[in-house]
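User: Hi, I have a structure open and would like to talk it through. Can we take it step by step?

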Amino acid sequence: MRRFLLAIMFLVLLSNVSFASNTGWHQKKEYRNDLDSSVTIEMTYYAEEYIEQLIQEEASKNLWTADEVENYKYTLLKTLKLDEFIPVFVSFKNNGPAIRLAPFDDQIDLYVGSKRYKPAEYDRRFNFKISDSRDGFVYFPRYDEETGQPILKKGMIKVILRDTATPVTMGKRVEFLWDIRNDNPGKALSTGKAADRLELDRLIIRLGNLKGQRAEIQKQLDELDTELSTIQSRITELQSN
């Protein structure tokens, strides 16, 4: 009888434990409760090493030419928006009560040291009820809003999902940690034809913004010139009387 009770207690404890795999850039954790409900959460941090690995795997699998590799790299980097954000790919597989995350940016945070950062952008589908599965990108700011300096430092970073985000994770710690001491995200953006195309995209956007600013400034200058001319004419008129 005692062994039976111990076995039951072990199963109950086991059902509340989170299971983790792939402690590298892609991580997967499964959470269960004592009602046999479960939710699997996966998160991927796009380190330079991981990006290069993805590109090489796809190139080998598809027997791509050098140009096809650069096209894939360009599309991938454009999606990741590494020059502006810290992208994290998030996936939910739900085998339990419906998950309601809205507003999702209140449910998830990035921690760099003791500083907490909310998402700057995210896949808006996370705001809708999840009955089975859902995945998408979450983009955290790469630069501090106040100082303009990069927020990433050599060391550990973590993304934490509130335990109340899902019925199954309530009371559990839902966090994903990455060691970024050897990461160099800028490298992926600085080499190859894909990097040149991304730089060209940024320069074209910047050029358009500068032209818009110049047009606005020119409009203000024209208005000032008109007012100056009016004032000067009035001064001349008054002085001639």
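Analyst: Here is a short chat about confidence, aromatic rings, one strand and one loop residue.

User: What kind of model is this?
Analyst: It is a predicted model.

User: What is the mean pLDDT of the chain?
Analyst: The mean pLDDT is 87. Of the residues in the chain, 88% reach 70 or more.

User: Which element has the lowest mean pLDDT, and which the highest?
Analyst: Helix 1, residues 2-15, has the lowest, at 36. Strand 7 has the highest, at 98.

User: Where does pLDDT stay under 50?
Analyst: Over residues 1-22. For that stretch the model has 23 contacts beyond four places in sequence.

User: OK, rings now. How many aromatic pairs are there in the whole structure?
Analyst: A search finds twelve.

User: Take Y45 and W178. Why does that pair count as tilted?
Analyst: The ring planes of Y45 and W178 are at 35 degrees, so the pair is tilted. Stacked would need planes under 30 degrees apart, and edge-to-face over 60. The ring centres of Y45 and W178 are 5.9 Å apart.

User: Where do those two sit in the chain?
Analyst: Y45 is in strand 3, residues 38-45. W178 is in strand 10, residues 174-179. They are 133 residues apart, so the pair links distant parts of the chain.

User: Are Y45 and W178 buried or exposed?
Analyst: Both Y45 and W178 are buried.

User: And F92 with F126, what sort of pair is that?
Analyst: F92 and F126 pair edge-to-face. Their planes are 75 degrees apart, and their centres 5.9 Å. This pair also links distant parts of the chain, with the two positions 34 residues apart in sequence numbering. F92 belongs to strand 4, residues 85-95. F126 is in the loop between strand 7 and strand 8.

User: How buried are they? What is the relative accessible area of F92, and of F126?
Analyst: F92 has 0%, and F126 has 1%. Buried means under 20%, so F92 counts as buried, and so does F126.

User: Which rings link into a cluster?
Analyst: Y46, Y50, F85, F89, F137 and Y139 are linked by ring pairs.

User: Which residue lies over the face of F176, and which over Y74?
Analyst: K29 lies over F176, at 4.8 Å from the ring centre. R197 lies over Y74, at 3.7 Å from the ring centre.

User: New topic, strand 5. How many of its residues are buried?
Analyst: Four of the five, residues 108-112 being the strand. Strand 5 is mostly covered.

User: How does strand 5 run against strand 9?
Analyst: Antiparallel, joined by five bridges. L110 stands opposite V159 in strand 9.

User: And what about strand 6?
Analyst: Strand 5 pairs with strand 6, residues 115-117, also in the antiparallel sense, over three bridges. V112 stands opposite K115 there. The two strands form a hairpin with two residues between them. G113 in that turn has a positive phi of about 65 degrees.

User: Last one, I130. Where is it?
Analyst: I130 is in the loop between strand 7 and strand 8. I130 is buried, with a relative accessible area of 0%.

User: What does I130 touch, leaving out residues up to four places away in sequence?
Analyst: F92, N94, A98, I99 and L101. F92 is the one from the edge-to-face pair.

User: How far is I130 from K93?
Analyst: They are 37 residues apart in sequence. In space they are 8.6 Å apart, C-alpha to C-alpha.

Key. Residues numbered from 1 in each chain as written. Predicted model: local features only at pLDDT ≥ 70, side-chain atom pairs only at ≥ 80, totals over all residues. Heavy atoms only, no water. Phe/Tyr/Trp six-rings, centres within 6.5 Å; stacked < 30°, edge-to-face > 60°. Buried < 20%, exposed > 50% of the residue type's maximum accessible area, 1.4 Å probe, protein only. Lys NZ or Arg CZ within 6 Å of the ring centre and 35° of its normal. Pairing = 2+ DSSP bridges. Contact = heavy atoms within 4.5 Å. pLDDT = per-residue confidence, 0-100.
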